[in-house]
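Here are my notes for a first pass through this entry. Please keep the model open while you read.

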Amino acid sequence: MELTTAQPKGFTPSPSSHPRINVATLAQHRMASTNQLHVLLRPDRSRQSVSERLNDLLGERLVDFVVLPQSHRTRVWYLTPKGARLTRDWPALRGRPPYPITSATAASLKTPHTLTVLRTHLAFAADARRRGDEHGHLDWTPEVFHAIGDGERVVADAVTHYTLIEGQQWWKLRAFVEVDRATMSGEHLAAKLIEYARLWAYEPQPVGRRRQAGGPGWLRWYPVFPRVLFVLTGASRQTMDNRISDLKAMAAQHPLVAALARDVPLGAATLEDLEHHGPTADVWTPLAGGEDQCPWYAL
């Protein structure tokens with residue numbers, strides 16, 4: 001657990017009530033299907049009510065959509081440049097680059113991975129709703145970039161913020177999330193751990209000054225280094241188990257990753273297990289040793 005505090009009296013987690021909630025969510029997540037927006041934002045209302053609101057935004061030219069092939073005409077929505085400009089100065093999205101999608105072709109290229117990352121968020125959001133934890137539609141930030149020196153950077157598929165609530169105590173949890181659709185080799189996937197280990201160890205040096213101990217660069221953004229979670233899908237169970245074994249081998253054999261693993265919780269699970277059982281179930285395999293699966297907060 002990272003931070004703990006007493007729960008304030010009368011504290012009740014609640015979703016945003018912003019009238020442009022669909023626009024804000026698309027600004028945060030880049031893309032979402034109608035059903036994903038329904039499940040994330042309005043699970044207690046009809047899907048038709050979400051569709052009607054999206055069609056209103058379409059008429060205002062704030063959003064557009066592509067139709068997924070072989071999907072019974074499932075629409076995937078994204079912001080137009082006009083929609084991106086509208087959200088640029090909203091406080092909840094301050095500092096979030098808009099990255100507007102300017103064509104249906106560009107949207108189609110990004111769709112498979114973006115929707116799978118959002119599927120992962122939906123699993124966390126549904127679990128939080130069931131448990132009474134705090135994890136809303138803006139507590140999941142895709143495509144987070146951090147420098148790791150030598151002009152290189154690590155790009156997390158997402159950073160999640162989650163408040164775990166147990167009685168009168170609550171814990172603030174953070175995690176880097178990597179979503180693997182089995183589109184790269186197991187070795188390439190495992191090498192992502194090296195990038196996170198470099199971020200963990202990276203200490204930027206002020207330009208024009210003598211070398212001095214300034215502390216890790218990640219302290220600018222996080223009070224403690226976020227745990228690192230790998231979510232696997234798109235392959236057979238055996239293939240995904242093999243890829244988790246590759247991750248465990250990297251954590252054991254690479255010196256810098258092994259040092260990271262001694263300090264930072266690392267885990268892997270399948271997306272299907274998250275959807276069926278929830279992230280707080282015993283579905284995560286610790287990458288730093290041990291065979292017993294556990295909840296992600298207990299890694």
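Which backbone oxygen does the side chain of Gln28 reach? Keep that in mind; point 2 takes it up.

1. Start with the whole. This is a predicted model. The protein has nine helices and ten strands. Its chain runs to 299 residues, and buried residues make up 46% of them. About 15100 Å² is exposed, and carbon and sulfur atoms supply 50% of that area. Take the contacts with a separation of 6 or more: residues 24 or more positions apart account for 63% of them.

2. Now to Gln28. The residue is found in helix H1, residues 21-29. The side chain of Gln28 reaches the backbone oxygen of Leu138, at 3.3 Å. The Gln28 side chain also makes a polar contact with the side chain of Thr141, at 3.1 Å. Gln28 has a relative accessible area of 4%, so it counts as buried. Please look at both of these partners together when you inspect the site.

3. Move on to Arg30. Its place is the loop between H1 and strand S2 (32-33). Arg30 is not a glycine, yet it has a positive phi of about 75°. Is Arg30 buried or exposed? It is buried, because its relative accessible area is 6%, under the 20% limit.

4. Compare Arg61. Here too a residue that is not a glycine has a positive phi, of about 60°. Arg61 lies in the loop between H3 and strand S3 (63-67). Its relative accessible area is 65%, so Arg61 is exposed. Put the two side by side: Arg30 is buried, whereas Arg61 is exposed.

5. Helix H2 deserves a close look. Six of its eight residues are buried, so H2 is largely enclosed by the rest of the structure. Which residues of H2 are buried? They are Thr34, Gln36, Leu37, His38, Leu40 and Leu41.

6. H2 packs with a neighbour. The axes of H2 (residues 34-41) and H3 (residues 47-59) come within 9 Å and cross at roughly 115°. The crossing is right-handed. From H2, the residues in contact are Thr34, Asn35, Leu37 and His38; from H3, they are Arg47, Val50, Ser51 and Leu54. Sorted by class, this contact holds three nonpolar, four polar and one charged residues. A general point helps in reading such a list: an α-helix has 3.6 residues a turn, so residues three or four places apart point the same way.

7. Ala125 brings in another link to H2. Ala125 lies in helix H5, residues 104-131. Leaving aside neighbours within four places in sequence, Ala125 is in contact with Leu40 and His135. Leu40 is one of the buried residues of H2. Ala125 counts as buried because its relative accessibility is 5%. The C-alpha atoms of Ala125 and Trp140 are separated by 9.4 Å, and the two residues are 15 apart along the chain.

8. Tyr162 has a long contact list. It lies in strand S6, residues 152-166. With neighbours within four places set aside, its contacts include Phe124, Ala128, Arg131, His135, Trp171, Leu173, Thr280 and Trp296. Asp133 is in contact as well, and a polar contact of 2.7 Å joins the side chains of Tyr162 and Asp133. Lys172 also touches Tyr162; their C-alpha atoms are 6.0 Å apart, with the two positions ten residues apart along the chain as counted by separation. Why does Tyr162 count as buried? Because its relative accessibility is 2%, where the limit is under 20%.

9. Finish with Arg181. It is found in the loop between strand S7 (169-180) and helix H6 (186-201). Arg181 has 26% relative accessibility, so it counts as partly exposed. Not counting residues up to four places away, Arg181 touches Pro112, His113, Thr116, Thr233 and Gly234. With His113 there is a side-chain polar contact of 3.4 Å. Arg181 and Ala235 are 54 residues apart along the chain, and their C-alpha atoms are separated by 7.5 Å.

How values were computed. Residues are numbered from 1 along each chain as its sequence is written. This is a predicted model: local features need pLDDT of at least 70, side-chain atom pairs count only at pLDDT 80 or more; totals for chains, interfaces and linings use all residues. Side-chain values use heavy atoms; hydrogens and water are left out. Axes are lines fitted to C-alpha atoms, for helices over the stretch in contact, and angles run from 0 to 180 degrees between N-to-C directions. Helices (H or I, at least four residues) and strands (E, at least two) are DSSP runs, numbered from the N terminus. A crossing is left-handed if the near helix is turned anticlockwise from the far one by less than a right angle, and right-handed if clockwise. Contact means heavy atoms within 4.5 Å. Ala, Val, Leu, Ile, Met, Phe, Trp, Tyr, Cys and Pro count as nonpolar, Asp, Glu, Lys and Arg as charged, and the others, Gly among them, as polar. Buried means under 20% relative accessible area, exposed over 50%, partly exposed in between (1.4 Å probe, protein chains only). A polar contact is a pair of N or O atoms within 3.5 Å; within protein, one must be able to donate a hydrogen and the other to accept it, and residues adjacent in sequence count only if both atoms are side-chain atoms. Accessible areas come from the Shrake-Rupley method with a 1.4 Å probe; for residues, only the protein chains shown count as cover.
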